[in-house]
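Work through the exercises below with the model open. Each task is followed by its solution.

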Amino acid sequence: MGMLRWMCGHSRMDKIRNEDISDKVGVALIDDKMREARLRWFRHVQKRSPDAPKDVEGASTQWDDIQRKLGNHPPKPPAFKPPPFTPETSNSKPKDKDWIDEKTQDELDELEDDPQLNDDRFLQEYRKKKLAEIREAAKIARFGAVLPISGSHFVREVSQAPDDTWVVVLLYKDGYSGCQILLQCLEELAMRYPATKFVKIISTDCISNYPDRNLPTVLVYNNGALKSNYVGLHNFGRRCIPEVMFSLCVALTLCQSDPVLNDGRRKHEQSREAVLDGVRKSFLEKVVAEHEDDDGSSSD
């Protein structure tokens with residue numbers, strides 16, 4: 001009202017009534033505006049169809065109830081009630097561990113996304129099996145490559161390696177053919193035996209003024225101690241033999257005195273003889289597979 005008085009150029013000192021100020025400006029009274037709003041809502045409800053959906057299922061207004069009593073609206077429909085739940089008897093039998101083991105990986109993945117499968121015990125067993133497979137794969141894929149290191153990282157990567165980890169260190173330099181040949185063999189062994197740590201370091205970064213005539217040099221560490229060393233390429237066999245056989249010679253030489261190579265598939269450390277047998281068997285399977293591939297390509 002103070003704003004209306006200001007618009008008209010008056011103040012309370014002029015002693016003009018509020019009704020006169022409202023009539024002069026043309027503002028409706030608040031009572032009239034409230035009555036207009038109520039009548040507007042009344043007309044809106046009156047025009048509404050009795051079959052119109054309500055906010056809540058089965059809810060009704062007082063106006064609708066009065067109209068039903070007068071017979072102007074049809075009777076109120078009954079509230080919807082869903083049918084009682086009856087579990088299926090065919091698939092209600094719980095699944096045991098044998099039932100899970102009989103399924104293939106693709107079938108298990110499909111069953112995990114099946115909305116009709118409501119067996120908590122099956123899902124728990126399946127999750128446990130998947131987690132065990134993931135942990136086992138993580139243990140196996142521990143290294144899997146020849147890691148380059150620098151002289152400042154030698155103690156951390158080699159001397160302070162875990163007690164159950166064998167570390168094979170290659171001292172090399174670029175531009176030497178013998179270093180390149182031995183590095184290729186160690187890269188293959190690193191993929192075959194991911195639980196064994198293979199690293200490479202430039203010879204002068206590891207040992208100052210290390211003579212180039214001793215390259216390549218291989219050092220084998222375990223539990224922070226040097227177990228064996230091989231100076232020169234001649235310690236691993238002749239260079240004229242095939243690449244597969246030379247990799248086998250390198251693997252057998254590394255395992256001459258200790259079980260250096262470990263594929264990570266066995267929980268307990270194997271003996272030297274068992275590791276040597278595994279190395280021979282692994283390379284024999286590779287040679288046979290390559291020979292079969294060559295025969296198949298030649299026959300085509």
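**Exercise 1.** Locate Pro75 and classify its accessibility.

Solution. Pro75 sits in the loop between helix H4 (62-70) and helix H5 (97-101). Helices are DSSP runs of H or I with at least four residues, strands are runs of E with at least two, and both are numbered from the N terminus. The model is predicted: local features need pLDDT of at least 70, side-chain atom pairs count only at pLDDT 80 or more, and totals for chains, interfaces and linings use all residues. Residues are numbered from 1 along each chain as its sequence is written, and side-chain values use heavy atoms, without hydrogens and water. Next, accessibility. Pro75 has 71% relative accessibility, so Pro75 counts as exposed. The classes are buried under 20% relative accessible area, exposed over 50%, and partly exposed in between (1.4 Å probe, protein chains only).

**Exercise 2.** How far apart are Pro75 and Asp64, in sequence and in space?

Solution. In sequence, they are eleven residues apart. In space, the C-alpha to C-alpha distance is 10.0 Å.

**Exercise 3.** Place Val25 and classify its accessibility.

Solution. Val25 belongs to helix H2 (residues 18-25). Its relative accessibility is 31%, so Val25 counts as partly exposed.

**Exercise 4.** Describe the sheet, then its pairing of E4 with E5.

Solution. Start with the order: E1-E3-E2-E4-E5, an open sheet of five strands with mixed pairing. Strands pair if DSSP finds at least two bridges between them. The edge strands, E1 (146-148) and E5 (225-231), each pair on one side only. Now E4 (residues 217-222): it pairs with E5 in the antiparallel sense over six bridges. Leu219 stands opposite Asn229 in E5.
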